[in-house]
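Here is a brief report on packing and surface in one model. Please look at the structure first.

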Amino acid sequence: MAMILHWVYEIPLWLDMVLFLLVLLVSMEAGFRMGLRKHRGNPDAERAARGDATLTSILGLLGLMLAFTYAFCMSRADMRKKALVTEVNAISTAFLRADLAPEPGRTELRERLLDYARSRLVTPEMVSNREQLREVVARSLEAQAKLWPATKSAVQQEGNMPTPLKASLVQAVNDVLDAHSSRMAVIYDRLPGAVLVLLLLIAAAAIALAAYSAGLRGNACRWRMSAFAVILAALMFLILDFDIILRGFIRVNHESLASLVREMEAAVRR
């Protein structure tokens with residue numbers, strides 16, 4: 001299931017929408033044809049379509065699944081926003097405290113923090129597939145690995161730097177390292193593949209049963225059922241879009257990090 005989800009994430013978004021819609025339309029047409037065939041062979045079958053408890057139950061189940069998966073992806077999207085803000089604040093605090101360290105450790109630590117902040121600024125073009133995402137993470141880890149040696153050099157060098165100030169600087173850099181772990185955790189925490197597949201199956205079963213019931217009544221109004229299929233596909237597409245990191249239409253705004261990088265670059269040049 002994990003491989004299925006990765007495949008869904010890596011294909012173009014419009015193909016996801018087409019895939020969802022195609023599955024639902026095929027299920028709808030199959031349900032219509034089966035219902036109409038039974039209606040022609042047994043005119044009394046229309047009465048069996050009235051008050052169908054199975055259809056009511058599966059539509060209720062579909063509503064629950066849509067609500068739960070939407071809430072899951074929304075909460076993960078909010079966590080990604082909070083993780084980004086936390087990381088921006090941590091880098092900014094560490095950069096400001098590094099300015100209180102004596103030279104030459106001050107300049108080295110500030111430059112290492114700037115390099116790390118640049119590595120955390122990612123654009124959609126940089127992570128179009130899993131391999132590129134691994135490369136971006138590797139570059140970020142490489143920049144991160146230089147932070148602690150620079151911090152040690154800054155606090156261990158000779159100079160008039162009080163012990164409480166040293167402790168606060170070390171704590172600030174530790175917060176930067178912790179923020180990296182938190183942000184990576186929420187990036188890789190996605191909707192389980194089994195849940196996405198189950199949602200699509202329940203939606204296909206629901207629309208097939210609804211179409212079958214309409215066919216039993218001899219009322220195969222395809223345009224209304226097609227509209228229902230389009231709405232369902234759009235809802236599932238929205239759920240998937242919330243769960244995609246950078247390639248979707250709904251994205252976490254990285255302007256706060258970009259603004260911090262610009263401020264850090266201006267401070268280093270001064």
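## Helix α11 and the cores

In α11, the buried residues (under 20% relative accessible area, 1.4 Å probe, protein chains only) are L257, A258, L260, V261, M264 and A267. Their cover includes α4, α5 (105-120) and α8 (163-188). Helices here are DSSP runs of H or I with at least four residues, numbered from the N terminus. Helix α11 covers residues 255-269, 15 in number, and reaches 21 Å from its first C-alpha to its last. That is close to the 21 Å expected at 1.5 Å a residue, where the expected span is 1.5 Å times one less than the number of residues.

This is a predicted model, in which local features need pLDDT of at least 70, side-chain atom pairs count only at pLDDT 80 or more, and totals for chains, interfaces and linings use all residues. Residues are numbered from 1 along each chain as its sequence is written, and side-chain values use heavy atoms, without hydrogens and water.

A nonpolar core is a set of buried Ala, Val, Leu, Ile, Met, Phe, Trp, Tyr and Cys residues joined through side-chain atoms within 4.5 Å. The largest has 34 residues. Inside this core, L24, L62, L66, L199, M225 and M236 have the most contacts. Elements giving two or more residues to this core are α2, α4, α9 and α10. α9 gives the most, with 11 residues.

| Core | Size | Residues named |
|---|---|---|
| Largest | 34 residues | L24, L62, L66, L199, M225, M236 (most contacts) |
| Second, separate | 30 residues | including A94, A101, A172, A179 |

Leaving aside neighbours within four places in sequence, L199 is in contact (heavy atoms within 4.5 Å) with L62, M65, L66, T69, M236 and I239.

W14 lies in helix α2 (residues 13-41). W14 counts as exposed (over 50%) because its relative accessibility is 56%.
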